[in-house]
Amino acid sequence: MTVPGTLHVVGAGLAGLAAGVAAAKAGVRVAVHEAAGHAGGRCRSFLDERLGRVIDNGSHLVLGANRTALAYARATGGIEAMLAAPAAFPFVDLVTGKSWTVTPKRLPAGIGEILKALGLPWTGKAETVASRLGETPSFTRLWQPMCEAIMNTAPDEASARMFAWTMRKALLGGSDALTPWIFPAGLSAALVAPALATLSLFGAETHFRRRLKALEADTLVFDDAEVPLGPADRVILALPPWVTASLLPGLVPDLPTRPIVNAHFRCAQPVELPRDSHFLGLVNSSGHWLFARGDVLSVTVSAAGALVDMDNESIADRLWDEIRRALGMPPIAPPPYRIMKEKRATLAHDNHTVVVRPGPVSGRNGVFLAGDWIASPWPCTIEAAISSGLTAARLALARPGLTF
Ligand SMILES: Cc1cc2nc3c(=O)[nH]c(=O)nc-3n(C[C@H](O)[C@H](O)[C@H](O)COP(=O)(O)OP(=O)(O)OC[C@H]3O[C@@H](n4cnc5c(N)ncnc54)[C@H](O)[C@@H]3O)c2cc1C
């Protein structure tokens with residue numbers, strides 16, 4: 001049954017966009033309210049004037065196992081701006097100089113290690129990725145980079161149970177589960193602009209530069225307007241945890257976060273990575289994943305606590321030196337660069353934090369919660385954000401079968 005009122009979605013990150021798209025396509029009146037001047041939140045592109053290129057706030061990758069994210073991209077048409085790359089993950093170790101490629105059929109790990117990573121036998125609730133896999137021969141070359149990339153949390157604090165769940169999805173989730181989907185035209189072209197176009201096509205309102213300041217029983221109090229809520233209206237707060245906590249005191253516990261740093265370098269000409277790959281995993285280095293998009297090389301540092309407080313020039317020097325060595329370039333100074341620091345990029349996925357996350361029901365009549373940090377088996381990812389938006393829309397509209 002369609003709710004005859006309006007579904008107000010506050011926050012136009014991927015969780016809010018997903019909720020809005022699902023509801024608007026189902027014929028529901030939708031209004032999206034976003035504090036920033038643009039949608040996409042932590043997953044967006046922008047024109048960097050210094051580099052003269054459209055860059056992403058940080059390089060993102062989606063796996064074939066991220067079924068809900070791909071369903072959203074298909075429903076909005078954004079999938080046309082994504083590319084399914086071959087399921088081959090090249091790595092180089094900057095200390096030993098060794099390189100190798102991980103494919104679904106060629107994991108550099110024995111069956112005993114793989115079973116442990118998959119959570120078998122039983123994984124205790126206090127186990128971390130390091131306590132479970134740290135002594136295995138493939139820890140440095142496989143499990144550690146996977147843990148940092150997927151969970152943005154150092155292995156000595158990352159929840160082994162959550163890691164095992166993502167490994168089961170990736171390794172046992174079907175032949176395409178490890179297919180890496182990349183964003184050759186940027187994140188916004190695939191995940192944001194098509195969603196906004198879909199919202200507009202289905203008659204949804206979108207309001208930018210509109211920050212929610214308070215949530216009263218019958219009113220949404222924004223900085224630029226007060227929006228009355230009728231009895232048939234519903235609200236989805238698709239906001240970061242600390243904002244939700246300030247609007248609904250007592251509901252959200254203190255959830256620690258971890259930073260991600262990205263460095264984008266504009267090279268003199270297009271750069272090709274080894275094996276014609278779009279990305280390269282770096283081991284025994286500060287940088288973790290190197291992405292090439294034309295003449296822009298971007299390197300991601302996950303769980304970047306050690307780097308985030310350094311000045312940009314020192315970060316650029318250090319990461320450029322690693323890139324140069326990984327690609328066998330001569331010792332030249334860094335080309336023009338942009339450093340992006342996302343200080344609260346994701347939650348810290350430690351065993352305490354992942355179990356105290358609240359669910360999508362706020363306890364306030366007609367108000368539901370979405371966001372990558374809402375309780376689910378997934379760590380904070382595109383998949384978690386989009387799934388949470390869909391779940392919140394299903395609950396708000398009392399339509400358990402709602403899809404994109
Ligand atoms: C650098 C980086 C790299 C990443 N890499 C990957 C990756 O490779 N793969 C992957 O799957 N995931 C990755 N992620 C995670 C992914 O980007 C996030 O999980 C996802 O974007 C979160 O979406 P969200 O909608 O839950 O939250 P957000 O994007 O934070 O959206 C919240 C929105 O609410 C708005 N807002 C805040 N306060 C208010 C208010 N008071 N009123 C109105 N609006 C408000 C914000 O402006 C924002 O638009 C990465 C994240 C970062 C930062």
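How far is an oxygen atom of the ligand from a polar backbone atom of Thr 381? Hi everyone, let's start right there. The distance is 3.2 Å. Before we go on, please keep in mind that this is a predicted model.

Thr 381 has company. A polar backbone atom of Leu 61 sits 2.8 Å from a ligand oxygen, and for Ala 15 the corresponding backbone distance is 2.9 Å. How much of the ligand does the protein cover? On its own, the ligand has 1,000 Å² of accessible area, and the protein covers 92% of that.

Now look at who stands around the ligand. The shell holds 33 residues, and the closest are Glu 34, Arg 42, His 60, Leu 61 and Asp 372. So you meet Leu 61 again here, among the closest residues, after its backbone contact with a ligand oxygen. By type, 16 residues of the shell are nonpolar, eleven are polar and six are charged. If you like to navigate by elements, find α1 (14–25), β15 (257–266), β19 (337–347) and α11 (382–397): each gives two or more residues to the shell.

Let me finish with one residue, Ser 298, which you'll find in strand β18, residues 296–301. Is Ser 298 buried or exposed? Its relative accessibility is 6%, so Ser 298 counts as buried, since the cut-off for buried is under 20%. The side chain of Ser 298 makes a polar contact of 2.8 Å with the side chain of His 264. Leaving aside residues up to four places away in sequence, Ser 298 touches His 264 along with Ser 59, Ala 263, Trp 289, Leu 290 and Phe 291.

Thanks for listening!

How values were computed. Residues are numbered from 1 along each chain as its sequence is written. This is a predicted model: local features need pLDDT of at least 70, side-chain atom pairs count only at pLDDT 80 or more; totals for chains, interfaces and linings use all residues. Side-chain values use heavy atoms; hydrogens and water are left out. A residue is near a molecule or strand if one of its heavy atoms lies within 4 Å of it. A polar contact is a pair of N or O atoms within 3.5 Å; within protein, one must be able to donate a hydrogen and the other to accept it, and residues adjacent in sequence count only if both atoms are side-chain atoms. Accessible areas come from the Shrake-Rupley method with a 1.4 Å probe; for residues, only the protein chains shown count as cover. Helices (H or I, at least four residues) and strands (E, at least two) are DSSP runs, numbered from the N terminus. Ala, Val, Leu, Ile, Met, Phe, Trp, Tyr, Cys and Pro count as nonpolar, Asp, Glu, Lys and Arg as charged, and the others, Gly among them, as polar. Buried means under 20% relative accessible area, exposed over 50%, partly exposed in between (1.4 Å probe, protein chains only). Contact means heavy atoms within 4.5 Å.
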